[in-house]
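Q: Please take a close look at a single part of this model and then set it in the context of the rest. A formal and connected account is requested.

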Amino acid sequence: MLKGYKRIFFVLGLMIIFIVVLSRCMNVADKIPPDVRGENFTGAATCIKCHAKVAQSFIHSAHAQSSAPANKKTLESYLQTDSNSFAFNAHMKVKIEKRDSGIYQVAYIDGKQSRIQRFDIAFGSGEKAFTYAYWKGRKLYQLPLSHFSAIKTWANSPGFPINNMYFDRPIPSRCLECHSSYIKKETKQVSALAMDEELEKGSLLYGIDCERCHGPGKQHAVFHLENPDEKTAKFITIFKTLSRKQKMDACGVCHSGNKLTTVQSVFNFQPGDDLNDYYAQDFVSFGGVNPDVHGNQTAMLQGSMCYRKSEMTCQSCHNTHESIKGNMAIYSQRCISCHQTQKHSSQTLKKGVLKTNCVDCHMPMQASKLISFQTAGNKNVSPYMLRSHHIGIYPAK
Ligand code: HEC
Ligand code: HEC
Ligand code: HEC
Ligand code: HEC
Ligand code: HEC
Ligand code: HEC
Ligand code: HEC
């Protein structure tokens, strides 16, 4: 008799534990918001719950801000402080104007409004520049004027005609592959040679988020929510266990320049993947001959002796989750960690700054050959300056 009761209690007990566990699982999974990228993803809001410290530095990072809805406050501040128009010639100008429904770039021919488009999306963190796009149906187009931080004003967007107001340059999904976390697109063959693509506005995930770099993290999040005492990361790629090539590829997916041909959308890329599965082999230049400073830090670095004669990766100098922007003393410490002694001539030694700024001599700022911009009333183009990642000995300035 008693034995029977015990067994029932035992079974009941097991069932209760089972139900409790099950309901906890369901609660956890329920609490995780869905993500347009699919069921293995969850979105940065979930990651931030447990990684508050990382998240704090992340929010202000260039990666997080590499694309965003055009910010009214920033634009309004430009309206107050900057020249708000750009004259292409005596007859044509584009003005930045605030109207009821937003802020617009308005084209005028001899004082008469000829075209008007709204600021919808800002590309870039603004560190060097913002360039803007507007939606027309299921396509994005670039606005004629961009804002350049170095000159604190508006200039003709890079590569745009210098004597015409141009509103019809499409922004392909390729820009978003490097500047955002996701957008859904549909491609149609429109002729033997041409493809047409349509973008789904609502699916755009602005900025470069946690899972864009770390890969899908839903299973990781669910596991750690269910096992709060577990301190070892599960179901997420451990960056330091990756091979050197895998580490280089994880950054190279967006830092190998935009000349490469994609064989599949790089939105699918996850850390650990082989980049050769995403980009067609670059037989013309092998990525290394004459790479540009713009967006191609990988090839620039790979041409350096430092890279060839050591196990250097991007992480030798950059930690994605710290902000040491502009702190050349800290960067120089990273040089010194490999170069405890340097053989400098007495002439070089005279210049001083040796211990605190190796960078400006050995990684000087250089003008991009691909990008330049033109300011109002100026026929010449201004250079777009970037840090050379070809570490080397440069002629003294
Ligand atoms: C319920 C809490 C929790 C959530 C939610 C969570 N994590 Fe984690 N995560 C952890 C714990 C615990 C560790 C292990 C300790 C540590 O490294 O901080 C960890 C470690 C990591 C690591 C370090 C791996 C390494 O190299 O050692 C990464 C990367 C990471 N998480 C990314 C994410 C991402 C991306 C998300 C969102 C998709 C996320 N985490 C959501 C708890 C969480
Ligand atoms: C999804 C594409 C993508 C990936 C992956 C990526 N980056 Fe970037 N990164 C960008 C873009 C776009 C910018 C320019 C952001 C801006 O200013 O708008 C950038 C900017 C930077 C900057 C300049 C930041 C600043 O504060 O000015 C550094 C340094 C950098 N990336 C390093 C890395 C490293 C190291 C990795 C690999 C761990 C990496 N990135 C992975 C797209 C990416
Ligand atoms: C541009 C790529 C990139 C983005 C975006 C990114 N990470 Fe990381 N993260 C890395 C890399 C690379 C490492 C390895 C450490 C390093 O940089 O040396 C790392 C390390 C980590 C670690 C373990 C080490 C640490 O500093 O605690 C955690 C946790 C983490 N990331 C979470 C996140 C979360 C959460 C987000 C979003 C809020 C995020 N990461 C966004 C590239 C990225
Ligand atoms: C292969 C990846 C890649 C592609 C494709 C790409 N970019 Fe970039 N972009 C970058 C990186 C990396 C930077 C960081 C600075 C640099 O290296 O020039 C950057 C910088 C920028 C900046 C300046 C941001 C700042 O404030 O520093 C703007 C604006 C920009 N890109 C817009 C665009 C637009 C518009 C397109 C499409 C026509 C595009 N990018 C395509 C990777 C890319
Ligand atoms: C991971 C280790 C490592 C780091 C970090 C590193 N280097 Fe190097 N560097 C090397 C190695 C190895 C060589 C080749 C030395 C040789 O051949 O004797 C080298 C070579 C050089 C050379 C000679 C280049 C040439 O073409 O002859 C210069 C200059 C240099 N490094 C400067 C720097 C500066 C400046 C930094 C920081 C911005 C730096 N290195 C960071 C490992 C490193
Ligand atoms: C030897 C050290 C070193 C290595 C290795 C290195 N960087 Fe840098 N990087 C720097 C320094 C120094 C700066 C300038 C930082 C600043 O101005 O605050 C910089 C700036 C950048 C910028 C901003 C570009 C600009 O002109 O403002 C990007 C993007 C970047 N690095 C990406 C990368 C990527 C991707 C890798 C790996 C392929 C990498 N870096 C490897 C030292 C390094
Ligand atoms: C004022 C510019 C300048 C600064 C600052 C500077 N260098 Fe150099 N470096 C040179 C020049 C020029 C050479 C070629 C030899 C010479 O003429 O002194 C050189 C040569 C080198 C070499 C190759 C010779 C050797 O030792 O094998 C290395 C490595 C190097 N520098 C590393 C560094 C590091 C690390 C720092 C920062 C602690 C630094 N340099 C700061 C200009 C500079």
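Where is the place of Val359?

A: The model under discussion is predicted. Val359 has its place in helix H13, which comprises residues 359-362. The residue counts as buried because its relative accessibility is 7%, under the limit of 20% that defines the term. Apart from neighbours within four places in sequence, Val359 makes contact with Met328, Tyr331, Ser332, Pro364 and Arg387. A further point of reference is Ile391, 32 residues away along the chain, whose C-alpha atom is separated from that of Val359 by 8.6 Å.

The setting of this residue is a protein of 397 residues, 37% of which are buried. The secondary structure consists of 13 helices and 17 strands. Among contacts with a separation of 6 or more, 55% join residues 24 or more positions apart. The exposed area of the protein is about 24100 Å², and carbon and sulfur atoms supply 59% of that area.

The ligands complete the picture, beginning with ligand 1. Its iron atom is coordinated by the NE2 atoms of His51 and His220, at 2.0 Å. The site has 6 donor atoms with angles of 88 to 179° among them, and its geometry is octahedral. The two histidines link distant parts of the chain, being 169 residues apart: His51 belongs to the loop between helix H2 (44-50) and helix H3 (52-59), whereas His220 belongs to helix H7 (residues 218-226). For comparison with those angles, ideal values for six octahedral donors are 90 or 180 degrees. The two histidines fall into separate classes of accessibility: His51, with a relative accessible area of 41%, is partly exposed, while His220, at 14%, counts as buried.

The iron atom of ligand 4 has a single protein donor, NE2 of His179, at 2.1 Å. His179 is part of helix H5, which spans residues 173-179. The surroundings of ligand 4 comprise 22 residues, and the closest of them are Cys175, Cys178, His179, His294 and Gly295. Polar atoms of the backbone take part here: one in Glu127 is 3.0 Å from an oxygen atom of the ligand, and one in Lys128 is 2.8 Å from an oxygen atom of the ligand. His179 also has a polar side-chain atom 2.8 Å from a nitrogen atom of ligand 4. Two or more residues of this shell come from each of strand E7 (129-136), H5, helix H8 (244-255) and strand E17 (381-387). H5 provides the largest share, with 4 residues.

Around ligand 2 there are 20 residues, of which His63, Ser125, Cys251, Cys254 and His255 come nearest. In the side chain of His63, an N or O atom is 2.8 Å from a nitrogen atom of ligand 2. Oxygen atoms of the ligand are approached by polar side-chain atoms of Ser125, at 2.6 Å, and of Lys325, at 2.7 Å. H5, H6 and H8 each give two or more residues to this shell. The largest share, 5 residues, is that of H8.

Ligand 3 is surrounded by 15 residues, with Cys210, Cys213, His214, Thr320 and His321 coming nearest. Two histidines have side-chain atoms at 2.8 Å from a nitrogen atom of this ligand: an N or O atom in the case of His214, and a polar atom in the case of His321. Asn319 places a polar side-chain atom 3.5 Å from an oxygen atom of ligand 3. The elements that contribute two or more residues to the shell are H3 and helix H6 (210-214). H6 gives the most, with 3 residues.

To return to the part requested, Val359 is a buried residue in helix H13, and one of its contacts beyond the sequence neighbours is with Arg387. Strand E17, which covers residues 381-387, is among the elements that give two or more residues to the shell around ligand 4.

Technical notes: Residues numbered from 1 in each chain as written. Chains lettered and ligands numbered in written order. Predicted model: local features only at pLDDT ≥ 70, side-chain atom pairs only at ≥ 80, totals over all residues. Heavy atoms only, no water. Donors = N, O, S within 2.8 Å, 3.2 Å for Na, K, Ca; no water. Tetrahedral: all angles 85-135°; square planar, octahedral: opposite > 155°, others 65-115°. Buried < 20%, exposed > 50% of the residue type's maximum accessible area, 1.4 Å probe, protein only. Contact = heavy atoms within 4.5 Å. Areas by Shrake-Rupley, 256 points an atom, 1.4 Å probe, with all protein chains shown as cover. Near = heavy atom within 4 Å. Polar contact = N/O pair within 3.5 Å; in protein donor to acceptor, adjacent residues only side chain to side chain.
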